[in-house]
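Me: Please take a close look at a single part of this model. Then follow it outward to whatever it leads to.

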Protein chains: 2
Amino acid sequence: MAVTVVGSVALDSLETPFGTRERALGGAATHFSLAASFFTEVHVVGVVGEDFGKDDLAVFSDRRIGTDDLQRIEGARSFHWSGRYEDDMAVAQTLATELNVFAEFDPQLSEAARRASTLFLGNIQPDLQRRVREQSDARLSGLDSMNYWIESARDSLVDAIGRVDVVSLNDAEVRMLIGEPNLARASRALLELGPDVALVKQGPYGAVMYTGDDFFSIPAYPLETVVDPTGAGDSFAGGFFGFLDSLGEESPSRNALRCAAVYGSVLGSFVVEDFGTERVQRLTRREIDGRFTEFGEIMSLEAP
Amino acid sequence: MAVTVVGSVALDSLETPFGTRERALGGAATHFSLAASFFTEVHVVGVVGEDFGKDDLAVFSDRRIGTDDLQRIEGARSFHWSGRYEDDMAVAQTLATELNVFAEFDPQLSEAARRASTLFLGNIQPDLQRRVREQSDARLSGLDSMNYWIESARDSLVDAIGRVDVVSLNDAEVRMLIGEPNLARASRALLELGPDVALVKQGPYGAVMYTGDDFFSIPAYPLETVVDPTGAGDSFAGGFFGFLDSLGEESPSRNALRCAAVYGSVLGSFVVEDFGTERVQRLTRREIDGRFTEFGEIMSLEAP
């Protein structure tokens with residue numbers, strides 16, 4: 001069992017009411033990889049520049065994440081995102097986005113990355129997502145995207161969505177892609193594009209999951225301190241796909257999908273407790289399972 | 001067992017993408033009463049004008065809701081609210097608010113209304129809420145409020161909150177009242193004002209419930225058609241207090257509170273399926289219990 005993830009490996013400059021970080025390890029593929037690595041083997045496919053240091057690489061190797069597909073380009077700089085969160089932590093204000101090496105990213109998967117049983121296509125240009133999907137032998141695949149691609153490459157994105165099993169978007173993106181304000185209708189229409197599962201993230205309100213015959217609501221964990229919301233969605237996806245991959249099932253059961261979504265929410269709830277990858281770097285599987293149990297209690301109901 | 005509810009009984013003029021209604025029966029106490037009446041006896045305390053017709057009154061008497069405390073003032077008009085919802089159904093745009101008879105509302109409870117085991121103080125001026133609380137012998141009490149009173153009568157509202165067992169507000173109101181953007185912290189601080197239970201409504205995302213030692217997340221039912229969101233919060237409260245009152249317990253258990261919150265969400269999910277009170281007028285207890293079971297399935301999780 002293994003998961004291959006394709007996407008950004010970045011250096012993030014972050015500013016929140018709790019402090020700042022300069023060029024801290026971040027990016028969708030980074031957060032996904034770390035979350036998934038608690039459950040299964042991971043191959044990260046990405047590109048970095050010469051400013052990407054040994055300490056950054058060690059974050060992957062410490063968790064046994066394969067970096068053979070992480071290309072390092074000398075004389076160039078890594079993708080850099082700079083953002084600020086205000087008091088309510090709801091929306092990141094982007095201060096700067098420097099694509100650098102990421103602008104020419106055209107991933108070619110190694111043999112090991114191709115053979116992984118699960119593939120996750122992080123938020124990159126939808127035609128690239130499709131080309132990576134074509135290189136992979138994965139039996140379970142998923143993708144994430146964002147409003148930018150919905151606006152600028154909608155047809156390509158719809159095509160890419162039709163080639164994966166699981167689509168992971170936030171509620172505003174689902175409404176925007178489908179052009180339907182009612183989330184239940186929009187999510188059903190999203191499934192009609194091809195995927196078997198729609199994971200709809202709702203930020204501080206949790207998430208919902210639609211499949212052909214199931215609807216599941218995943219609570220948000222009641223965190224009293226959110227230090228840095230960056231990476232919550234990618235960690236959610238990492239927990240979801242990492243757990244599913246570890247089961248090794250051809251076709252996951254209804255309860256397996258539900259457990260995967262809760263593990264996703266667990267990972268998303270941990271990553272925001274500190275800056276960048278700091279909390280997940282010191283996270284243990286025991287803590288993950290403890291919070292999974294807490295989620296079960298938060299949702300537990302007996303008939304009266 | 002009986003619930004007394006104090007609040008607005010109104011005629012609402014509504015405009016949504018699904019149509020319009022002119023001077024349809026509405027108001028917080030109306031929606032609360034109808035929802036609670038599926039579980040227990042209800043006394044509605046309010047005031048109406050001579051434009052309040054026999055058909056309007058029949059909506060209460062058809063469901064055995066006591067109207068001895070519903071004062072009718074000749075030569076005056078009922079509270080009238082006029083609002084419009086746009087496509088996303090998220091926020092009502094108020095077109096007109098005519099207080100009319102409601103401006104002089106100073107409720108005096110009848111003996112039967114005083115003796116009810118449960119009291120709900122709908123969204124009215126907080127000093128009035130306190131004066132009604134003082135007239136009642138209820139062993140379980142709750143209140144609702146809104147941003148207007150948080151801004152204009154915060155001290156009175158804090159005093160009123162300190163005199164009830166359950167406070168029901170939406171998430172934005174809790175943050176605003178406490179002055180704390182983190183909802184978990186704000187909800188804990190709300191409990192420190194006195195109540196044992198904080199019911200925090202989150203509109204289309206469901207609700208959360210905080211008690212001294214429990215946290216419970218209530219999903220939103222995935223409705224594909226929301227015709228008119230008016231009354232959802234009041235129906236939620238009606239289902240919650242109606243169910244709790246029907247148990248007749250001195251001190252409801254953790255699971256009883258959770259079931260009450262789900263019954264609240266069930267009632268809230270029905271009322272929005274049609275204009276005003278129309279859906280709830282033709283609702284059956286069998287439908288309510290069917291949807292309660294569906295909520296249980298939406299939240300159900302077995303350990304992997």
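Reply: A residue is buried if 20 or more other C-beta atoms lie within 10 Å of its own, exposed if 12 or fewer, and partly exposed in between, with C-beta atoms placed from the backbone. The model is predicted, with local features requiring pLDDT of at least 70 and side-chain atom pairs pLDDT 80 or more, while totals for chains, interfaces and linings use all residues. Residues are numbered from 1 along each chain as its sequence is written, and chains are lettered from A and ligands numbered from 1 in the order written.

The part chosen is helix H7 of chain B, residues 171-178. Helices (H or I, at least four residues) and strands (E, at least two) are DSSP runs numbered from the N terminus. Within H7(B), Glu173(B), Val174(B), Arg175(B) and Leu177(B) are buried. These buried residues pack against helix H5 (147-152), strand E11 (166-170), helix H8 (183-191) and strand E12 (197-201) of chain B. After H7(B) comes Gly179(B), with a positive phi near 75 degrees.

One of those partners, H8(B), leads on to chain A. Contact here has C-beta atoms, placed from the backbone, within 7 Å. Chain B and chain A put 28 residues each into the contact. On the chain B side, H8, strand E14 (215-218), helix H10 (254-271) and helix H12 (285-299) each supply at least two residues. H10(B) gives the largest share, 5 residues. By class, the chain B side has 17 nonpolar, 5 polar and 6 charged residues (Ala, Val, Leu, Ile, Met, Phe, Trp, Tyr, Cys and Pro are nonpolar, Asp, Glu, Lys and Arg charged, the others, including Gly, polar).

In chain A, helix H9 (232-247) packs on helix H10 (254-271) at about 140 degrees, with the axes 7 Å apart. Axes are lines fitted to C-alpha atoms, for helices over the stretch in contact, and angles run from 0 to 180 degrees between N-to-C directions. H9(A) and H10(A) are therefore oblique to each other (under 35 degrees is roughly parallel, over 145 roughly antiparallel, 65 to 115 roughly perpendicular, the rest oblique). Residues making the contact include Phe236(A), Phe240(A) and Phe243(A) of H9(A) and Ala260(A), Tyr263(A) and Leu267(A) of H10(A). The H9(A)–H10(A) contact has 15 nonpolar, 7 polar and no charged residues.

Further along chain A, Glu278(A) lies in helix H11 (278-281). Glu278(A) is partly exposed because it has 17 C-beta neighbours inside 10 Å. Its C-alpha is 9.7 Å from that of Val59(A), 219 residues away along the chain. Overall, chain A has 12 helices and 14 strands, and 53% of its 304 residues are buried.

Conventions:
Two residues are in contact if their C-beta atoms, placed from the backbone, lie within 7 Å.
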